[in-house]
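Trainee: Got a minute? I'd like to walk through this model with you.
Mentor: Sure, pull it up.
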Amino acid sequence: MNMKKKVTSIVAPVVTFLLIFAIWEFACWFYKIDAWFLPKPSEIFRSMIVDFGEYWPHLLVTLQCVLTGFLIAIPVGLLLATLITSFPLLNAAMSPYITFLVTTPLVSLIPLLMLMMGYGMNMRITTVVIQSFAVINMNACTGFNNVPTLRRELMQSMGASRLQTYRMMILPSAATDIITGLRLAAIFATTTCISVEYNAGNTGLGSQIIKYSQYLQTTKSFACIFYVTVIGLIMYGLITLLQKKIVSWEE
Amino acid sequence: MQEAKIKFDHVTKIFETRSQTITAVKDYSMEIQAGEFISILGPSGCGKSTLIRMLDGIIDTTEGDILIDGVKVNHKGKKMPSSVLRKLGFIFQQPNMLPWYTVRQNVALPLRVFGLKGPEWDNRVEELLEMVGLKEYADAHPNEISGGMLQRAGVIRAMVHDPEILLMDEPFGALDEMTREQMNMELLEIWEKTGKTIIFITHNIEEAVLLSSRVYVMGTNPGRLVETVTLDLPRPRKLSMITQKDFIEYRQLLESYIGEIDLSKIK
């Protein structure tokens, strides 16, 4: 029974995948759609493999930017959340601006940051960090603030120090919320990185999508988009792995 | 007369919220001797939970003093010292286990916090697990065992650092009737064996009569001491006693006090 369920959970999405691409393929062939308008998926997949040497350096640049930015954003977001929730004064002083950061589309800052920092990796990573640490911070704050009163009382009844309380009780209590923040931040990081690459420089998958679109090389454009999806999947996989490791008790 | 183990000396607690001021406990005094098993009985909202939280340093007092072994332990705005907290074990209304730790780790948590290390403490954890029949489940996580087992784990967690006083906040209120009776009898056994001082909070009259030597009846609005009843019933107590004449009389007496409180509330 369980085995059957497992097989279904793998087979069903694969069938969906094949079905969608089959319809797409068939429609392109049946309606004789031009490749510059909408290429056949088979062509896109072929290009992903055949022209891999062309995409590879850009894939690497994007992945590096997303991962580095994300990995810097995690400690920044968590540290800030810890400070904010530990000191009410800081909380009052900071919380409106954190909301600003989350709600302002940072994409609008890109031209400014380009002006200040140039087109290089530093500027790209900075943008990714700014956009993703805020959402990590916001979710971590929620987690820290929603710790059940009884658990606080338990730690108080033993006279636990701030550090003990944080390590043994608050951090694990907030783990689920923190993971949610990381998931959102991963999406923010990828989106921001691609947006920066649209505008700045000629490296990274974002820049290639723009370039190939302008040359009407839609197949290659799509190949790059699919590689962006691959990056998204890598991020998702990493976080799921982390979740399994950290909040294993919730299974 | 011997010095009281625990003394409440005209203790008052006032909570100030944005919209109102609530007197949770008003001018409460009591003295408990070492090794006594006493109950604090009252309807919800009478401040009984506030009372033992003040004793355990979880909340501040507004006025009055709390003394343990003759030493004043409440100092406004200051954390209760570790040396005092080590004398106390708190058992919550819910098991209040930390789900990321195993049962054994949960039970041993006070040892980690108090910094008590060594084989004698490790052995103590194992002995306590054995005593309440949790040995086989020691490596399980809290979500894998039943409510009764969890509450047992909560009881021995409060005892693991060998406190002199156990504070119990309606500890078995969330359990079904049968498990509750069984837990009460186990608790009496533990008390008779260890001679700890126990303060037992409850709103269940029968439970209060069955377990304790003295019952402090509290009333609401404001939370206050209404009456103290000393129970002259033989020990060891047995479940069969609840149908005996003395027991029923005590129960009715306590019911009358609780009833009066309700009447005064209506007026």
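Mentor: One term before we start: two strands pair if DSSP finds at least two bridges between them. And keep in mind that this is a predicted model.
Trainee: Okay, bridges. In strand 8 of chain B, which residue is the bridge partner of B:Asp169?
Mentor: B:Ile201. Strand 8 covers residues 197–202 of chain B, and strand 7 pairs with it in the parallel sense over 5 bridges.
Trainee: What about strand 6 and strand 7 of chain B, parallel or antiparallel?
Mentor: Parallel again, over 4 bridges. Strand 6 is residues 88–91 of chain B. As for who faces whom, B:Gly89 stands opposite B:Leu166 in strand 7 of chain B.
Trainee: Why is strand 7 of chain B described as largely enclosed?
Mentor: Count the residues. Strand 7 runs over residues 165–169 of chain B, and 5 of the 5 are buried, so the rest of the structure largely encloses it.
Trainee: Which residues sit on which side of strand 7 of chain B?
Mentor: B:Ile165, B:Leu167 and B:Asp169 are on one side. B:Leu166 and B:Met168 are on the other. Both faces are covered, and all of these residues are buried.
Trainee: The side chains seem to flip back and forth. What's the rule there?
Mentor: In a regular strand, side chains alternate between the two faces of the sheet.
Trainee: Switching to chain A. How many helices and strands?
Mentor: 10 helices and 0 strands. The C-alpha trace spans about 75 × 60 × 25 Å along the principal axes of chain A.
Trainee: How much of chain A is buried?
Mentor: 42% of the 251 residues. Look at contacts in chain A between residues at least 6 apart in sequence: 73% of them join residues at least 24 apart.
Trainee: Give me one residue to click on. A:Thr127, say: where is it?
Mentor: In helix 6 of chain A, residues 121–145.
Trainee: And is A:Thr127 buried or exposed?
Mentor: Buried, because its relative accessibility is 0%. The cut-off for buried is under 20%.
Trainee: What does A:Thr127 touch?
Mentor: Leave out residues up to four places away in sequence, and A:Thr127 touches A:Ile110, A:Leu113, A:Thr192 and A:Val196. Closer along the chain, a polar atom of the A:Thr127 side chain lies 2.7 Å from the backbone oxygen of A:Met123.
Trainee: New topic, the interface. How many residues does each chain put into the contact?
Mentor: Chain A gives 19 and chain B gives 22. Between them they bury about 1,900 Å², with 63% of that on carbon and sulfur atoms.
Trainee: Which three residues of chain A supply more of its buried area than any other three?
Mentor: A:Met158, A:Met168 and A:Trp249. Together they supply 34% of the area that chain A buries against chain B.
Trainee: How many salt bridges between the chains?
Mentor: There is 1. A:Glu153 forms a salt bridge with B:Arg53, and the closest N and O atoms are 2.7 Å apart. The chains also have 6 residue pairs in polar contact, counting pairs with both residues at pLDDT 80 or more.
Trainee: Which helices of chain A give two or more residues to that side?
Mentor: Helix 7 (149–157) and helix 8 (162–199). Helix 7 of chain A gives the most, with 7 residues.
Trainee: And the mix of residue types on the side of chain A that touches chain B?
Mentor: 9 nonpolar, 6 polar and 4 charged.

Technical notes
Residues numbered from 1 in each chain as written. Chains lettered and ligands numbered in written order. Predicted model: local features only at pLDDT ≥ 70, side-chain atom pairs only at ≥ 80, totals over all residues. Heavy atoms only, no water. Contact = heavy atoms within 4.5 Å. Buried area = accessible area lost by both parts, 1.4 Å probe. Salt bridge = Lys/Arg side-chain N within 4 Å of Asp/Glu carboxyl O. Polar contact = N/O pair within 3.5 Å; in protein donor to acceptor, adjacent residues only side chain to side chain. Nonpolar A, V, L, I, M, F, W, Y, C, P; charged D, E, K, R; others polar. Buried < 20%, exposed > 50% of the residue type's maximum accessible area, 1.4 Å probe, protein only.
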